[in-house]
Amino acid sequence: MSLGLLSSCGGEQGGEGPIVPPPPPPAEYADKHMPADWWGDAQKFEQGRKLYVGETNPDVNCASCHGKDGKPVKAGATDFRNPERMKLYSDSVWFWRISEGVPNTKMKGWKSKLSDEDRWKLVLYERNFAMAGKTWSEEKKQWVDSGGLAVVLTDAK
């Protein structure tokens, strides 16, 4: 029943609603995962930040709905700072939602404007609002301490 990650850039009234697990990604996304050596890559993280705020491609500006600090600025947009919600989304679910969007919301898919690599950079950057220092473990099917890059986003650029 969940609309899933990145619920929308408007539409839903009164917040995000209950915290429930997202639907599983479709088969074409189920086996996609962040390249393992990217979790601690500061350069890819910075590239993800630039994508997120629209510096790289002005047609793509996640911050215009989700806020520069992950706090939504438009009604219905997912709050990326909520670790209880965000820990329910595997990297493949996150990638799927960025790629295809979320039906019946204003969150559109970005696969026509962003390469696979750029969409992974967004996952890398966005997860830091609530999941700094965590990586997705496909083996454990949960977020685990990465021991790598843990950027605290206190002053989003």
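## Confidence, core and salt bridges in a predicted model

Over residues 149–157 the pLDDT stays under 50, and for this stretch the model has 21 contacts beyond four places in sequence. The structure is a predicted model, and its confidence values are a suitable place to begin. Across the protein chain the mean pLDDT is 85, with 83% of the residues reaching 70 or more. Where elements of the chain are concerned, confidence is highest in helix 2, at a mean of 97, and lowest in strand 1, at 90. The pLDDT is also below 50 over residues 1–14, a stretch that has 58 contacts in the model beyond near neighbours in sequence.

The interior comes next. The largest nonpolar core has 33 residues, and those with the most contacts inside it are M34, Y52, M86, W94, L122 and V123. At least two residues of this core are supplied by each of helix 2 (42–52), helix 5 (91–100), helix 6 and helix 7 (128–131). In soluble globular proteins, nonpolar side chains tend to be buried together. Y52, one of the core residues with the most contacts inside it, can be followed further: leaving aside its neighbours within four places in sequence, Y52 is in contact with N61, C62, A63, H66, G67, K68, G70, F80, L122, Y125, E126 and F129.

Charged side chains give another view of the model. A search of the whole structure finds eleven salt bridges, and the table sets out some of them.

| Salt bridge | Closest N and O atoms | Relative accessibility of the acidic residue | Relative accessibility of the basic residue |
|---|---|---|---|
| R49 with E55 | 3.1 Å | E55, 48% | R49, 7% |
| E84 with K87 | 3.0 Å | E84, 44% | K87, 41% |
| D116 with R119 | 2.3 Å | D116, 38% | R119, 5% |

In the pair formed by D116 and R119, the two residues are three apart in helix 6 (residues 116–126), so they are separated by about one helical turn. R119 is buried because its relative accessible area of 5% is under 20%, whereas D116, at 38%, counts as partly exposed. Salt bridges that share partners also join E46, R49 and E55 into one network. Within that network, R49 counts as buried at 7% relative accessibility, while E55 counts as partly exposed at 48%. In the pair formed by E84 and K87, E84 is partly exposed at 44% relative accessibility, and K87 is partly exposed as well, with a relative accessible area of 41%.

Two further residues, T135 and D31, complete this account. T135 lies in strand 1, which spans residues 134–137, and it counts as buried because its relative accessibility of 12% is under 20%. Leaving aside its neighbours within four places in sequence, T135 is in contact with W39, Q142, W143, V144 and S146. D31 lies in the loop between helix 1 (27–30) and helix 2, and it counts as exposed because its relative accessibility of 69% is over 50%. Although D31 and S92 are 61 residues apart in sequence, they are 7.1 Å apart in space, C-alpha to C-alpha.

How values were computed: Residues are numbered from 1 along each chain as its sequence is written. This is a predicted model: local features need pLDDT of at least 70, side-chain atom pairs count only at pLDDT 80 or more; totals for chains, interfaces and linings use all residues. Side-chain values use heavy atoms; hydrogens and water are left out. A salt bridge is a side-chain nitrogen of Lys or Arg within 4 Å of a carboxyl oxygen of Asp or Glu. Buried means under 20% relative accessible area, exposed over 50%, partly exposed in between (1.4 Å probe, protein chains only). Helices (H or I, at least four residues) and strands (E, at least two) are DSSP runs, numbered from the N terminus. A nonpolar core is a set of buried Ala, Val, Leu, Ile, Met, Phe, Trp, Tyr and Cys residues joined through side-chain atoms within 4.5 Å. Contact means heavy atoms within 4.5 Å. pLDDT is the predictor's confidence in each residue, from 0 to 100.
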